[in-house]
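Student: I've got a model open and a few things I'd like to sort out. Can we go through it together?

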Amino acid sequence: MSEVGKFLILLGVVLFTLGFIMVFYEKLPFGLGRLPGDILIKRDGYSFYFPLATSLVLSVVLSLLFTLFALLLRR
């Protein structure tokens, strides 16, 4: 039963962090969504945006976090 408790606490911390980031996103010092590797094409009446660099950064960060959480839950 203690494993479920640890998981719920961890899930709560993750949700709190995500909620905090979503509320204060515009005031954060880093500019996710506006990184140099992101693709933006603007034409008359048409715009295309693909956040390539942002996707890579988020993927690496989330992979590290989930790996850390998995290691903590194994103990």
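**Asp-38, the rings and the hairpin**

Tutor: Sure, and keep in mind that this is a predicted model. Let's begin with Asp-38, which counts as buried because its relative accessibility is 13%, and the cut-off for buried is under 20%.

Student: Where is Asp-38 found, and which backbone nitrogens does its side chain reach?

Tutor: Asp-38 sits in the loop between helix 1 (2–23) and strand 1 (39–43). Its side chain reaches two backbone nitrogens at 3.1 Å: that of Leu-35 and that of Ala-53.

Student: What kind of aromatic pair do Phe-16 and Phe-20 form?

Tutor: Both residues lie in helix 1, four residues apart, or about one turn of the helix. Their ring centres are 6.4 Å apart, with 25 degrees between the planes. Planes under 30 degrees apart count as one class, so this pair is stacked.

Student: Is Phe-16 buried or exposed?

Tutor: The cut-off for exposed is over 50%. Phe-16 has 59% relative accessibility, while Phe-20, at 44%, is partly exposed. So Phe-16 counts as exposed.

Student: How many of the five residues of strand 1 are buried?

Tutor: Strand 1 lies largely in the open, although five bridges join it to strand 2 (residues 46–50), running antiparallel. The number of buried residues in strand 1 is zero.

Student: Which residue in the hairpin turn has a positive phi?

Tutor: Strand 1 and strand 2 form the hairpin, with two residues between them. Across the strands, Lys-42 stands opposite Ser-47. In the turn, the residue with a positive phi, about 70 degrees, is Gly-45.

Notes
Residues numbered from 1 in each chain as written. Predicted model: local features only at pLDDT ≥ 70, side-chain atom pairs only at ≥ 80, totals over all residues. Heavy atoms only, no water. Buried < 20%, exposed > 50% of the residue type's maximum accessible area, 1.4 Å probe, protein only. Polar contact = N/O pair within 3.5 Å; in protein donor to acceptor, adjacent residues only side chain to side chain. Phe/Tyr/Trp six-rings, centres within 6.5 Å; stacked < 30°, edge-to-face > 60°. Pairing = 2+ DSSP bridges.
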